[in-house]
Amino acid sequence: MRRTVLVLAIPVIAGILGLPHGALACTCAQPASVQEGLKQADAVFLGLVERFELKGSGRLATFRVHTVWKGPEASRVRVSTGGGDGDCGYHFIVGVTYLVFARQGAWNTLQTNICTRTKQASGEAVDDLKALGPGTPVT
C-alpha cells in the first residue's frame, strides 16, 4: 500500500514542481480552405525571404514582396514566428519564395506559424495560388 501511494505521488509532485515530463508539441486544427484562410488572415502575400533571424524567443523573417492578396502593399514585410520547440514556429529558408498567410499580432507586427496556409510557393502552394487568383503585383 505504501509503495502504491509513493508510485502515484511521484508524477503528481513532478507536475506541481514543473519538472519536465514530456516534450511539448504543436497541435494544429484542421487546415482552413484557401478562402477561409484568406478571410482569417490580416495579410496574404507572395514573397522571397531575404533574412531569417532570431528575435527573443522567436524568429523574424524579412520578405521582398512580389504579390499581395490582402494587407499592406509594401515592397518589404517583416513577419514573426515561433522559435520551435512546440510553439508552431515556421522555419523559413533564406532565398526561397513563400505564400504567406499572417495575422496581426502584438505591437502591430505580422505573425504566422505552421498552422496557417503558409507554404513554399514552388510545389506546396501551387493549388492555393491558383485558388487565390492574380493578386496585386508590388513594384
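1. Let me start with a disulfide that caught my eye: the torsion about the S-S bond of C28 and C115 is about -70°, so this link is left-handed. C28 lies in the loop between α1 and α2 and C115 in the loop between β5 and β6 (119-120), so the bond ties together parts that are 87 residues apart in sequence. The two sulfur atoms sit 1.9 Å from each other; the rule for a disulfide is a pair of cysteine sulfur atoms within 2.5 Å. C28 has a relative accessible area of 36% and is partly exposed, and C115, with 30%, is partly exposed too. Here buried means under 20% relative accessible area, exposed over 50%, and partly exposed in between (1.4 Å probe, protein chains only).

2. Before going on, a word on the model: it is predicted, so local features need pLDDT of at least 70 and side-chain atom pairs count only at pLDDT 80 or more, while totals for chains, interfaces and linings use all residues. Residues are numbered from 1 along each chain as its sequence is written, and side-chain values use heavy atoms, with hydrogens and water left out.

3. By the sulfur rule, the count comes to 2 disulfides. The other bond is between C26 and C88, whose sulfur atoms are 1.8 Å apart. With 105° about its S-S bond, the C26 and C88 link is right-handed. This pair also links distant parts of the chain: C26 is in the loop between α1 (2-17) and α2 (34-40), and C88 is in the loop between β3 and β4 (97-104), 62 residues away in sequence. C26 counts as partly exposed because its relative accessibility is 26%, whereas C88, at 14%, counts as buried. With bonded cysteines counted along the chain, the pattern is 1-3, 2-4.

4. Now to the strands. Helices (H or I, at least four residues) and strands (E, at least two) are DSSP runs, numbered from the N terminus, and two strands pair if DSSP finds at least two bridges between them. Strand β2 (residues 58-70) runs antiparallel to β3, with 7 bridges joining them. One partnership there is that of T62 with R78 in β3. These two strands form a hairpin with 5 residues between them, and G71 in the turn has a positive phi of about 100°.

5. What else does β3 pair with, and in which sense? Its partner is strand β5 (residues 110-111), in the parallel sense over 2 bridges. In β5, Q111 is the bridge partner of S80. Strand β3 (residues 76-82) is mostly covered, with 5 of its 7 residues buried.

6. The aromatic side chains deserve a look. The structure holds 6 aromatic pairs, where rings of Phe, Tyr and Trp (its six-membered ring) pair if their centres lie within 6.5 Å; planes under 30 degrees apart count as stacked, over 60 as edge-to-face and the rest as tilted. The ring centres of F45 and F63 are 5.2 Å apart and their planes stand at 75°, so this pair is edge-to-face. The pair links distant parts of the chain, with F45 in strand β1 (residues 43-55) and F63 in strand β2, 18 residues apart. Both F45 and F63 are buried.

7. F92 and Y98 form another edge-to-face aromatic pair, at 4.8 Å centre to centre and 85° between the planes. F92 counts as buried at 1% relative accessibility, and Y98 counts as buried at 1% as well. One aromatic cluster is formed by F45, F52, F63, Y90, F92 and Y98.

8. Last, the charged side chains. A search of the whole structure finds 7 salt bridges, each being a side-chain nitrogen of Lys or Arg within 4 Å of a carboxyl oxygen of Asp or Glu. E50 forms one with R64, the closest N and O atoms being 3.3 Å apart. The pair links distant parts of the chain: E50 is in strand β1 and R64 in strand β2, 14 residues apart. E50, R64 and R76 are linked in a network of salt bridges.

9. Two further salt bridges are worth a glance. K39 and E36 form one with their closest N and O atoms 3.5 Å apart; being 3 residues apart in helix α2, they are separated by about one helical turn. K39 is exposed, with a relative accessible area of 59%, while E36, with 29%, is partly exposed. K119 forms a salt bridge with D128 at 3.3 Å between the closest N and O atoms, and D128 counts as buried at 3% relative accessibility.
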